[in-house]
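Biologist: I am new to this structure. Please show it, and then let us go through its rings and its core.

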Amino acid sequence: MNYHSIEISGVTPASHFPQCLSDAVYLQSCETDTLWLPCQKPDMETILQLFIEAAVCSSKIICTPLGRKLIVHGVKRLKIMYVAAEPRQTVHSAHFDLPFSLFLLLRDEHLDVTEVSTLIEDISVLSVDCRNLTVSTLLFTYASIKEKQEFCSCHEKPLPPSHSCHPKVQHFN
């Protein structure tokens with residue numbers, strides 16, 4: 001299979017990353033997922049396209065012996081377009097929702113989190129055989145922070161309800 005001919009959509013352009021990270025905490029993580037085509041789908045001959053988007057579903061702050069941590073739960077949504085390994089070679093698609101969880105260590109208790117975002121830095125796909133593939137995703141997750149107006153003690157605290165699994169998702173080509 002020629003992997004250079006796979007069209008990939010959803011990688012965030014460099015111009016859409018934060019310009020200054022002095023008012024943010026961030027984490028880069030690489031996740032590798034093994035995916036199997038659903039039983040009702042035909043075998044795969046060639047992968048044509050991969051579409052991906054990431055969404056933050058929820059986040060909360062917890063206290064640990066190492067300090068406050070921002071726990072982030074999200075989902076990567078993938079769509080694979082492929083040519084079936086059959087005489088007619090029809091094009092099919094398979095959809096996958098892949099959950100992820102990670103944490104960001106907050107530097108001190110005098111900071112509030114104002115926004116949490118996850119961007120796709122890079123992705124690669126490898127066809128293992130005609131039924132499964134491996135997808136590696138490089139995620140960049142960051143939380144914008146600001147100085148608290150009033151100091152309060154450390155408690156589990158969910159972030160505002162604007163953080164859901166159905167955010168405004170930007171699509172990049």
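Biologist: Over the face of which ring does Lys79 lie?

Modeller: This is a predicted model, where local features need pLDDT of at least 70, side-chain atom pairs count only at pLDDT 80 or more, and totals for chains, interfaces and linings use all residues. Residues are numbered from 1 along each chain as its sequence is written, and side-chain values use heavy atoms, without hydrogens and water. A charge sits over a ring if NZ of Lys or CZ of Arg is within 6 Å of the ring centre and within 35 degrees of the ring normal. Lys79 lies 5.5 Å from the ring centre, over the face of Phe51.

Biologist: Why is the pair of Phe140 and Tyr142 called tilted?

Modeller: Rings of Phe, Tyr and Trp (its six-membered ring) pair if their centres lie within 6.5 Å; planes under 30 degrees apart count as stacked, over 60 as edge-to-face and the rest as tilted. By this rule there are three aromatic pairs. The centres of Phe140 and Tyr142 are 5.9 Å apart and their planes stand at 40°, so the pair is tilted.

Biologist: Which strand gives the most to the largest nonpolar core?

Modeller: A nonpolar core is a set of buried (under 20% relative accessible area, 1.4 Å probe, protein chains only) Ala, Val, Leu, Ile, Met, Phe, Trp, Tyr and Cys residues joined through side-chain atoms within 4.5 Å. The largest has 34 residues, and Leu50 is among those that touch the most other members. Strands are DSSP runs (E, at least two residues), numbered from the N terminus. With seven residues, the one that gives the most to this core is β3.

Note on methods. Buried < 20%, exposed > 50% of the residue type's maximum accessible area, 1.4 Å probe, protein only. Helix = DSSP H or I, 4+ residues; strand = E, 2+ residues; numbered from the N terminus.
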